[in-house]
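Let's take a walk through this one, starting from a pair of charged side chains and working outwards. Have a look at the model before reading on.

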Amino acid sequence: MSSTSALSTPKPNLHMKPWYQRLNLLDGVLFAIICTFAGWLYYRSAVGINYQWRWEDAFRLIFIPPSQGSIPYFFQGLVATLRLSLWSMVLALSFGTLLGVARHSKIALFKTPALLFIQLVRNIPPLVFVFIFYFFVSNQLIPLLGLETLLREHNGDINQLQAFLFGPANLWENLASGVICIGLLSSAYIAEVIRAGLESIPKGQWEAADSLGLSVFSKYRYVIGPQVLTAITPPLAGQAISLVKDTSIVSLISIQEMTFVGTEMANSSGLIFEIWLIVGAVYFALCFTLSRIFRKIEQRSSAYLNR
């Protein structure tokens with residue numbers, strides 16, 4: 001080993017630097033533009049908008065507990081949104097992964113139905129899909145699956161775990177309808193993400209896994225899966241965030257999530273701007289948190305491949 005290579009210093013890791021040291025000229029320009037635009041909006045609102053902000057009344061309203069002694073109505077909507085997003089994401093990831101693998105398959109029996117479903121869902125407006133599927137689920141699918149007694153006529157007591165995961169028993173049908181609507185809608189887009197991730201793996205990786213005599217499970221677990229996860233994490237994060245925002249659509253079919261609750265509170269109190277700004281801020285907090293979680297997953301999967 002030469003003295004030059006022995007004395008060479010490793011390249012600095014950009015992720016170890018503080019965030020302000022990683023900023024470049026473009027970041028500074030964008031920050032200046034945002035500050036200028038925010039200052040202009042503040043100036044115009046002070047000069048040309050005669051609106052009396054009532055933030056104190058708005059925050060008092062969202063924290064007022066109901067007469068039944070449960071959590072405030074606004075936070076009931078927030079919990080319903082979290083519950084709807086969680087179960088919809090589970091359904092979308094599970095079914096979307098199956099569709100993506102089927103879409104990548106060379107067997108027409110698997111590939112053709114998956115392609116038809118994906119093209120059907122992706123070419124129908126989400127709101128139209130929700131309306132069609134909601135009434136289909138309520139009137140046809142639930143009785144066909146034998147879930148009418150469980151979802152509509154459940155009179156027994158539920159334990160705390162069931163209440164935490166699924167909410168009140170009298171709203172289980174609404175939850176199931178919303179989860180299936182949003183889950184199937186998002187699964188078509190996730191399927192294309194999975195298919196693109198599988199097709200991005202070089203052919204040599206598949207051949208190397210087969211030459212080692214690995215089983216199908218081991219091949220996907222140790223060779224293909226980690227590479228696919230690294231490739232699809234950014235678009236998958238975007239789709240997961242879109243799923244959380246898409247839960248607001250089901251407020252139109254009377255599912256009492258955060259947008260539905262915000263609409264009722266804004267109309268009844270007259271605090272239109274305040275309530276909707278609070279609702280928007282909560283959605284932003286949820287989506288930003290989700291983006292940071294996926295960022296951590298991306299870093300861990302990249303570190304796994306670089307070991």
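**Charged pairs along a helix**

Glu199 and Arg195 sit four residues apart, about one turn of the helix, and both belong to helix H9. This is a predicted model, and in it the two side chains form a salt bridge, with their closest N and O atoms 2.9 Å apart. Glu199 counts as partly exposed, at 48% relative accessibility, while Arg195 is buried, at 16%.

Arg195 has another partner. Its side chain also meets that of Glu192 in a salt bridge (3.2 Å, N to O); these two are three residues apart in H9, again about one turn of the helix. At 14% relative accessibility, Glu192 is under the 20% cut-off and therefore counts as buried.

Now step off the helix. Glu192 makes a salt bridge with Arg122 as well, at 3.6 Å from N to O. Arg122 lies in helix H5 (residues 108-122) and Glu192 in H9, so this pair ties together parts that are 70 residues apart in sequence. Arg122 is partly exposed, with 37% relative accessibility. Put the shared partners together, add Arg103, and you get one network: Arg103, Arg122, Glu192, Arg195 and Glu199. The count for the model comes to nine salt bridges.

What about H9 itself? The helix runs over residues 172-199, 28 residues in total, and reaches 39 Å from its first C-alpha to its last, close to the 40 Å expected. There is a bend of about 30 degrees at Ser187. Of the 28 residues of H9, 22 are buried, so the helix is largely enclosed by the rest of the structure.

Methods
Residues numbered from 1 in each chain as written. Predicted model: local features only at pLDDT ≥ 70, side-chain atom pairs only at ≥ 80, totals over all residues. Heavy atoms only, no water. Expected span 1.5 Å × (residues − 1). Bend = angle between axes of the 7 residues up to and from the residue. Buried < 20%, exposed > 50% of the residue type's maximum accessible area, 1.4 Å probe, protein only. Salt bridge = Lys/Arg side-chain N within 4 Å of Asp/Glu carboxyl O.
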